[in-house]
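Could you walk me through this protein chain, with its helices, its pocket and its ring pairs? Here it is, ready to be read alongside the text.

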Amino acid sequence: MNASTLKYATPIRRSRRAIGRAGLALAVPALILIIWQLAGQSPDMAGVVPTPVQVARAWYAWIFGSPGMGLNPYQGTWAGNVQYSAMRVLQGFALAMLLGIPLGLTIGWSRLASQTLDPLIQGLRPIPITAWLPFSIALFGIRDMGSIFLIFLGGFYAIVVNTTQGARDVDRNLVRAASMMGASSSQLLRRVVLPAAMPAIFTGLRIGLGISWTAVIVSEMVAVKSGLGYVLWDAYYVGRMDIVLADMVSIGLMGFLSDRLIVIIERRVLVWRMLQNH
């Protein structure tokens, strides 16, 4: 094979591999949709569980329909509800990052902080988000802040725990070498511990973001009157299972896209790790 042929063969191989990976990724969802469609058309399930085709039609009207037209109260309201939920997740998750990362680094780096703060974190962490709902409503009422508070809690513990572990797992030889070169405690934390803990921090961010999407749905069912969680509960209440399932798919899609965004940022920040693996 000459150089010219090899030049064109490499992109073709990459394209084939990409198509193969896409095919594998879509195979299981396609099989699930086929089984779901057949089950939904069976006499026992007809009218109970809507088929994928019915869900797709409802979702299309929910996204592209004209608001206020016809008898469908959900028509054309998808984008607005997605925006409400996404903004709450963004605010609550940003707050979780701002507090969780510094706190996790401090607990993982300082023995005193570990002894004083870690038991409190581990004691509060098992309390589920649903248990905080009455407290949130009593404190903030039926407002956005109540939802943001619950989202913050959902992401906070995953970020703190993973950041703490990342700080504790830093190679002590790196710390000793930096200390011998005259680095202060703050410099060690910023230039040695933080970079070394970044893989664990990003793991915590991905887990915390997934929990934050769970928390926003739970909170919107009770604590606010807008967003995907509110639509989910309202549609269930009036028997619109097609909208319920379209809502569930929307939640999964938003969670997937936000997770991919974290992965893209991680690859850019941890480019040294990618080079090391190669």
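What follows is a short tour of annotated regions, one bent helix, a pocket and a ring pair.

This is a predicted model, in which local features need pLDDT of at least 70, side-chain atom pairs count only at pLDDT 80 or more, and totals for chains, interfaces and linings use all residues. Residues are numbered from 1 along each chain as its sequence is written, and side-chain values use heavy atoms, leaving out hydrogens and water.

Let's begin with the record. An unreviewed UniProt entry lists "domain: ABC transmembrane type-1" at residues 82-266, and under "transmembrane region" its spans include 21-39 and 93-112. UniProt positions follow the numbering used here, feature names are shortened, and annotations may be inferred rather than shown by experiment. Helices (H or I, at least four residues) and strands (E, at least two) are DSSP runs, numbered from the N terminus.

| Residues | Helix | Strand | End C-alpha distance |
|---|---|---|---|
| 82-266 | 88% | 0% | 25 Å |
| 21-39 | 100% | 0% | 28 Å |
| 93-112 | 95% | 0% | 27 Å |

Now for the bent helix. Helix α8 (residues 185-222) spans only 46 Å between its end C-alpha atoms, whereas a straight helix of 38 residues would span 56 Å; the expected span is 1.5 Å times one less than the number of residues. At M198, α8 bends by about 55°, and the proline P199 follows within four residues. That bend is the angle between axes fitted to the seven residues ending there and the seven starting there.

α8 also helps to line the largest pocket, as do α3 (78-109) and α10 (241-269), each giving two or more residues. α3 provides the largest share, seven residues.

Finally, the rings. The whole structure holds eight aromatic pairs (Phe, Tyr or Trp rings, the last by its six-membered ring, with centres within 6.5 Å; planes under 30 degrees apart are stacked, over 60 edge-to-face, the rest tilted). The F135 and F149 rings are tilted because their planes meet at 50°, with centres 6.0 Å apart.
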